[in-house]
Amino acid sequence: MKQASEDNMQRGPNLDRRDLMKYALYLLGSSAVATTLASCAPGAGAETYFSASRRAVLDDMADLMIPETDTPGARTVGVADYVDRMVAKWASKETRDELDQVLDEFRDAAREGNGESYLELEASQRLAHLKTFDATRVAGASRSLAPSPYTTLKELLLTAYYLSEIGATQELRYEAVPGPFRGDIPLSEVGRAWAV
Amino acid sequence: MDFDVIVVGSGMTGGWAAKELTEQGFKVLVLERGRRLEHAADYTDHLQPWELENRGKVPEDECAEHYAVQSTLYAFDSATKHYWVKDSEHPYSTPEDRPFMWYRGYHLGGRSIMWGRQSYRLSDIDFEANKRDGHGADWPIRYADLAPWYDRVERFIGVAGTREGMPQLPDGQFQRPLEVTAIEKDFQSKIARQFPGRRLFPARVAHLTEPTEEQLELGRGACQSRSVCARGCSFGAYFSSLSGTLPAAERTGNLTIVTDAIVERVIYDPTTRRAKSVQVIDANTKEKRTYEARVVFMCASAIATTQILLNSGSEAFPNGLANRSDQVGRNLMDHFGGLYAGFSTNHMDRYYHGRRPSGGYIPRYRNVTESGEGFVRGFGFQTMTMRSNWTNGVRQPGVGAELKEGLRQPGPWRVIMSGFGEMLPYSNNRVTLHASRRDQWGMPIVHIDCVHGENERKIKECMEKDALEMLGAAGYGGQTVPFGTSAPGDKIHEMGTARMGREPMTSVLNAHNHAHDIDNLYITDGASMASSGCQNPSLTYMALTARAAHHAGDRLRAGTL
């Protein structure tokens, strides 16, 4: 039984590898799949961290950073919500304070530049503001390899998007069980970057 | 007596001792201090990136409170943390200004679940090194003694690799190598052209590419290029105790495994002058009990084996069991080295399919084909190549549709070199028992005092110079990347604290990993190493174990044990 399944794994490139994987796990006697999946959602029922006003800024920033194009953007994926819940579960007080501060600085810098509160600006003004803020902060961080509060925030946003199912499989490319490694193929065969 | 042999530990070497001894018909008891871990069922390799808790990040407060050492490791994340000990529950001490990183996991299979899978033979350049330059004690064996056992181990575990015919890195029994990338071919040819004597070829890794009948029978299958190895592999595509040796031992009907059994001491009988029994503490109830057998194999890993020996002192052995030489605990070694990275925009129309769980290898050339520049021994490099992806967006300016569009395509090739230097055996690099601190089971904790010396400093300097020179000559730029802690222990290759040697007064074990002082005690884990080489050591530990298990088997059958 086991041996037959191993043979399939090697000789069945036409099968959907993810289904094959679940089948293999079933054959190997794993009942852990369903329970682990349920417990691993970062989300359902989990707490959020940011205050309502900062969350509003984060929502907007996420969608400006990764907008909907011919694939879904941050809003559809729920990036800001994911980051908010992740900060509640993962971040230390020090990291939370830094993230609060960088969101406040982002909001306040908009007022200084435009005289209006951030969320009252036009979408194009908000995007221009993010572009300037990002360029300044990334340049400031590039001298050191250590993360800065802004690069931590940007990393959280990009990670939440590109490692989501939509980000990994629609925007980029991902295969759960690629099969034997092929080391040197034309990029055109894949077309886009692998998410991992 | 219920058992012929007690094997202490179920990891890389414990699994091999169990397999080789049960297959010879002996009744074997494996004692594992950690919990039972079920192959596949307890792994997390089925989780997709979006299913990982916190996208893989372990909460920062939890890292600080419970995983101060373990969380500094590359393989530590929310899907693997259950394989690593809580430092808060398993303390050890070091001098304040001399950190030592001790990475470990307490569960059935030990670190064979989380190992890097790189599998290289030592050569006579390594076995003769101590004798040649006078550091440490001469190995009591040479390559020819171990070669058939390397063959045996490689055939069973399955190693993907290429035959290269290099004297410093003997070829073995290989399955088809994993394919190389476009930039790796580029780097290979540039190194061959510009640095005669240096060579880059596919890493030799314990991943199945052409599973044998024996491997298929054990339920193992070919590598699927998922590269989630650190979470365990439900395909059994890389070798571990749980995918290979323990199932092989189990099917003989001669194996008993007891988990949650912390070995406190090996009890010596002064009348018979033999190890009489093994005393364990139940990890959960803290009750003590003993097991008896004709032979004891210590396979608990270098530092843990040392802790047990030192804690097994008696009137006959006031300094610890099998320690008349005073070498138990001394000569602690690890590997060391930096990380060096370059990038290239050549071959931007080439890519790969799958996530290769390995890379390339450049074996030692210093003090082989090129001089040592003021140091003895040498170093090798593991290399990794990949094209950068969306993670590049974090530190590059850019937002919005433009950012998204830019990150859709893979970025430049990255070429990463990771150095592995040989560390000399120094008698003052030492594991001892702490004078007063005990763990929650009442065991004295270990105190580890280990520093790199002048030879290591010179090797590291040369390693960096050479890496940057090779990356530069290939046109990849090249810089040193701060990575890891660079403290001893960092490479997780700790070894040497019960060394093999020719003289009972200067070594703990003879040529068969058999204690000079005690007739029925074998030590076959990393503690037995007389020198470290610069190759990843697990393959050698396994070969030494298999060889010792047959030595013990012969003596058991002859009635001399």
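**The interface between chains A and B**

In this predicted model, 70 residues of chain A are in contact with 59 residues of chain B. On the chain B side, the elements that give two or more residues to the surface touching chain A are the helices α2 (60–66), α6 (182–194), α7 (213–217) and α10 (400–408), together with the strand β11 (350–353). Of these, α10(B) gives the most, with six residues. Sorted by class, the side of chain B that touches chain A has 25 nonpolar residues, alongside 17 polar and 17 charged ones.

A pairing of strands also links the two chains. Strand β1 of chain A, residues 182–186, pairs with β11(B) in the antiparallel sense, and three bridges are found along this pairing. Within this arrangement, I185(A) stands opposite Y351(B), a residue of β11(B). The strand β11(B) thus appears twice in this account: as one of the elements giving two or more residues to the side that touches chain A, and as the partner of β1 of chain A.

It is worth turning next to chain A itself. Its secondary structure consists of ten helices and one strand. Followed along the sequence, the pattern is α-α-α-α-α-α-α-α-α-α-β, with the strand coming after the ten helices. Chain A has 196 residues, of which 34% are buried. As for how the chain contacts itself, among contacts in chain A with a separation of 6 or more, 59% are between residues 24 or more positions apart.

Note on methods
Residues numbered from 1 in each chain as written. Chains lettered and ligands numbered in written order. Predicted model: local features only at pLDDT ≥ 70, side-chain atom pairs only at ≥ 80, totals over all residues. Helix = DSSP H or I, 4+ residues; strand = E, 2+ residues; numbered from the N terminus. Buried ≥ 20, exposed ≤ 12 C-beta atoms within 10 Å, placed from the backbone. Contact = placed C-beta atoms within 7 Å. Nonpolar A, V, L, I, M, F, W, Y, C, P; charged D, E, K, R; others polar. Pairing = 2+ DSSP bridges.
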